Amino acid sequence: MAAGDVNGDGRADLIVGSGRGMKPTVKIFSGATSENLGSLAPFSAAFHGGVSVAAGDLNGDHRADVVVGSGSGLQTAVSIYSGATRRVLWTLEPFGPIFRGGTAVAAGLFEHGTTADVVVATGAGGGCQIRIWNEKTHALVTSFLSAPGSAAVSVATG
C-alpha cells in the first residue's frame with residue numbers, strides 16, 4: 001500500500017497493489033470518500049507474483065504519481081504512472097534482464113529538486129541492492145548495497 005494525493009483534492013488517497021497469486025492490479029481509492037478512483041494493470045494478466053506500490057510527485061504537477069514494481073517471477077520491471085491521467089510516464093528494468101526476484105519501490109526527494117526520485121530495491125536473492133533514479137533525467141543517481149547477504153529489502157521515504 002501507499003498513500004498520496006492522486007486526485008488533487010488536498011487529501012492523501014490510498015493506492016493498493018495486488019498480492020502474490022493474483023493478477024497484477026493496482027487500485028486507487030479516494031482518501032476523502034473511499035470511492036474507487038481507478039485501477040491500473042501494470043503487467044501481463046498471466047503474471048501472479050504480486051506488485052509493490054509507491055506514490056510521489058514525479059512530474060511536478062502537484063499530484064501524486066504511482067510507482068509500480070513487479071513481484072518475483074517476472075523480469076524485474078518498474079512502471080511510473082501519472083496520477084492525474086493513469087498513463088505511463090516511463091518504465092525501467094532496474095536490475096537487468098536476468099534478475100527475477102522482484103522489487104520494492106518508493107519515491108522521495110533525494111537530490112535538491114522539486115520532484116521525487118524513484119527508489120528500487122531487489123527482492124529475494126538480489127543481494128540487498130538499492131538504486132535511485134532521477135525522475136527528470138531518468139538517470140541512475142546512485143546504487144549501493146544496504147546490508148550483507150541476499151535477503152529481500154524493503155524501502156520507504158519520508
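**Exercises on alanine 107 and strand S3**

Leaving aside neighbours within four places in sequence, alanine 107 is in contact (heavy atoms within 4.5 Å) with Ala54, Ala55, Gly56, Leu58, Val67, Ala116, Asp117 and Thr157. The model is predicted, with local features needing pLDDT of at least 70, side-chain atom pairs counting only at pLDDT 80 or more, and totals for chains, interfaces and linings using all residues. Residues are numbered from 1 along each chain as its sequence is written, and side-chain values use heavy atoms, leaving out hydrogens and water.

**Exercise 1.** Determine in which strand alanine 107 lies, and whether alanine 107 is buried or exposed.

*Solution.* Step one: alanine 107 belongs to strand S9, residues 103–108 (strands are DSSP runs of E, at least two residues, numbered from the N terminus). Step two: alanine 107 counts as buried because its relative accessibility is 7%, buried meaning under 20% relative accessible area with a 1.4 Å probe, protein chains only. Step three: valine 66 is 41 residues from alanine 107 in sequence, and their C-alpha atoms are 9.0 Å apart.

**Exercise 2.** Describe how strand S3 pairs with S2 and with S4.

*Solution.* Step one: S2 (residues 13–17) and S3 run antiparallel, joined by 4 bridges; pairing requires at least two DSSP bridges between two strands. Glycine 17 stands opposite valine 26 of S3. Step two: S3 also pairs with S4 (residues 36–40) in the antiparallel sense, over 4 bridges. Here serine 39 of S4 is the bridge partner of lysine 27. Step three: the hairpin of S3 and S4 has 6 residues between the strands, and its serine 34 takes a positive phi near 70°.

Key:
Buried means under 20% relative accessible area, exposed over 50%, partly exposed in between (1.4 Å probe, protein chains only).
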